[in-house]
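Work through the exercises below with the structure open. Try each task before reading its solution.

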Amino acid sequence: MSEVNKSRRDFLAFSGRAGMATLVAQAVGINLGIVDVVRAESGGKLDPFRFAIISDAHLYSMDNHKFDQQLIDAVNKVNAMSPKPDFVLFGGDVAQNGTEDQLVKGKEILSKLEMPMHIIPGEHDWYLDMGDAWRGLFGDETWSFNHKGVHFIGLNSILVRDFWTEAGLSPKERMTVMEMLESPIPGPWGVHEQQLEWLANDVKDLGPGTPIVIFTHSPLWDYYPRWNFQTSDAPEIREILSKFDNVMSYHGHVHQTLYNRIGNMSSVAAMSTSWPWPYPPVELAFPETRMNRADPSIATDGQGVQIIDLNNEFQGLVQYKPFEDSLTPFMQDGFTV
Amino acid sequence: MTTSTAIRRAVGIGGVAAAAIVASGVFARAPFTEEELAQQMDALYESVQLGYDMWHGTKPSMATNGLACGNCHPDTAASNPQTFPKYMTMYGKVVQWPEMVNWCIENPQLGERIDPASDDMTALAAYAMYLHRGIPIQPGLASQQTSGVVVEHGTGFKREPTGLGVDSRDHTPTPN
């Protein structure tokens, strides 16, 4: 059996078990949508806990813009979860045009979260002032911390080669170029050398059994480079993390439900709170993790938040919690083989 | 039955004149020259280019909330021009693609609709249809998730290179 088939079989088997958990949860009145159970073979036990992910708010400057309310809805959804997540990861793109007022508005809304938040930047947050306002509001974009036995890492994955200096572009022109998903100008982005060195140093003393969660804006695999559904130095990141038994990667940017597994790394995407993106013209290894086609007449269809429950063996139960009923039966009820 | 009778029967009343033209075997004009064809394609690219720009937010009247077509439809993905005319639940009837565009402009984008007969709407259609070239025309509902169209690099149509940054054709994806 090929490696892909094997991991697929494992994936389906665990999803089946997750399905049972869903039925129990539904019996007590909680509507859970299950996408995936990510498995780890962690040597050490850890304290079970849950964390939530909110991503891609894309706030505009106008007052009472609909995306403001959608982010507020996401915050309320997370605050209402029972049990509450220990903390929230925000997956980047607080702002649409990178302006300080948009970032401030995002921080204000996110400050209503009743638990701590850790955040990494997206390209929409960054390229007006090269992260100055973002750093001032949210701090370092590269970080790690330990929580109940799990090592969490956040990296800034939206760095591109300088295309603006020689061309004499203004900051606003640079931002406009970066705002377009299919922009032919900036090319593929990544974390670049400095963060790779930081990462290697950050994990050098950790044993192979350490549970690792890595968090970036873009996926750590080549999904669809044209839309920067990729991180150019993801192979180097995966190499640095290859010594670990199991690594979970969570990311934003793609505005859709998505799962993949490469080597020791499972990869899960976050839904956005702003708008859903169509799936690009490539085959998925796990097509059953695609959400339903969003209905444009329902303004919040295809968007939502997600919650991850880690058990004491570093198995993660990933549940998408959409604003509307966006999930296929596979994701709603689990899957048995 | 003679050929001319057959043609007359096929076209019915008023077909006599038409049959005479067909039967004469004379073209109205010679085929276009290479140069003329190039000029016509350039005119199309000009329209496609205008559509591309509008798709990405250059016409302010199309939105009051900052949203452009490209927010949700990168590379015109899931705009599905090849599936129109089709029934739309928002209208309760079968509509043309430009009406779908106007629905998006008036609802998610809170903008002013574009005259379906205008050069601007033609340009939006030119861009979306150009990127969907080669895809079978399939009027009717796209109830399943639709994939984006394949765009190899650049803007997906003939346009002067910007000379900026890195074109996606320079990027070789790393095998996973």
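Two residues are in contact if their C-beta atoms, placed from the backbone, lie within 7 Å. The model is predicted.

**Exercise 1. Place E179(A) in its chain, find what it touches, and decide whether it is buried or exposed.**

Step 1. Locate the residue. E179(A) belongs to helix 6 (residues 171-179) of chain A.

Step 2. Look for contacts, leaving out residues up to four places away in sequence. E179(A) touches N97(A) and H124(A).

Step 3. Count neighbours. A residue is buried if 20 or more other C-beta atoms lie within 10 Å of its own. E179(A) has 21 within that distance, so E179(A) is buried.

Step 4. Follow the chain onward. V191(A) lies twelve residues from E179(A) along the chain, and their C-alpha atoms are separated by 18 Å.

**Exercise 2. Trace the open sheet of chain A and say which strands stand at its edges.**

Step 1. Read the order. The open sheet has six strands in the order 5-6-7-8-10-9 (chain A), and the pairing is mixed.

Step 2. Find the edges. Strand 5 and strand 9 (259-262) of chain A each have a single partner strand, so one side of each is left without a neighbour in the sheet.

Step 3. Check the turn. On average, neighbouring strands of this sheet are turned by 20° against each other, direction ignored.

Step 4. Take an antiparallel pair. Strand 5 (residues 143-147) of chain A pairs with strand 6 (residues 150-154) of chain A in the antiparallel sense, over five bridges. One bridge partner to find is I153(A), in strand 6 of chain A, for S144(A). Two residues lie between the strands of this hairpin, where K148(A) takes a positive phi near 50°.

Step 5. Take a parallel pair. Strand 7 (residues 212-216) of chain A and strand 8 (residues 247-251) of chain A pair in the parallel sense, also over five bridges. Here T216(A) stands opposite H251(A) of strand 8 of chain A.

**Exercise 3. Describe how helix 5 of chain B packs against helix 6 of chain B.**

Step 1. Compare the axes. Those of helix 5 of chain B and helix 6 (residues 119-131) of chain B come within 11 Å and cross at roughly 105°.

Step 2. Classify the angle. Angles of 65 to 115 degrees count as roughly perpendicular. The two helices, helix 5 and helix 6 of chain B, are therefore roughly perpendicular to each other.

Step 3. List the residues. From helix 5 of chain B come W97(B), P98(B) and V101(B); they meet M121(B), L124(B) and A125(B) in helix 6 of chain B.

Step 4. Sort by class. The contact has six nonpolar, no polar and no charged residues.

**Exercise 4. Judge how confident the prediction is along chain B.**

Step 1. Start with the average. Chain B averages a pLDDT of 84, and 80% of the residues score at least 70.

Step 2. Find the extremes among its elements. Helix 1 (residues 3-11) of chain B has the lowest mean pLDDT, 47, and helix 5 (residues 97-106) of chain B the highest, 98.

Step 3. Mark the weak stretch. Over residues 10-20 of chain B, pLDDT stays under 50. Where pLDDT is low, the predicted coordinates should not be read in detail.

**Exercise 5. Summarise the contact between chain A and chain B.**

Step 1. Count both sides. Chain B gives 36 residues and chain A gives 35 residues.

Step 2. Find the main contributor. Helix 4 (residues 69-72) of chain B supplies the largest share of the chain B side, three residues.

Step 3. Sort that side by class. The side of chain B has 13 nonpolar, 20 polar and three charged residues.

Step 4. Add the overall scores. The model has ipTM 0.85 and pTM 0.85.

Notes. Residues numbered from 1 in each chain as written. Chains lettered and ligands numbered in written order. Predicted model: local features only at pLDDT ≥ 70, side-chain atom pairs only at ≥ 80, totals over all residues. Helix = DSSP H or I, 4+ residues; strand = E, 2+ residues; numbered from the N terminus. Nonpolar A, V, L, I, M, F, W, Y, C, P; charged D, E, K, R; others polar. pLDDT = per-residue confidence, 0-100. Pairing = 2+ DSSP bridges. Buried ≥ 20, exposed ≤ 12 C-beta atoms within 10 Å, placed from the backbone. Axes fitted to C-alpha atoms, helices over the stretch in contact; angles between N-to-C directions. Parallel < 35°, antiparallel > 145°, perpendicular 65-115°, else oblique.
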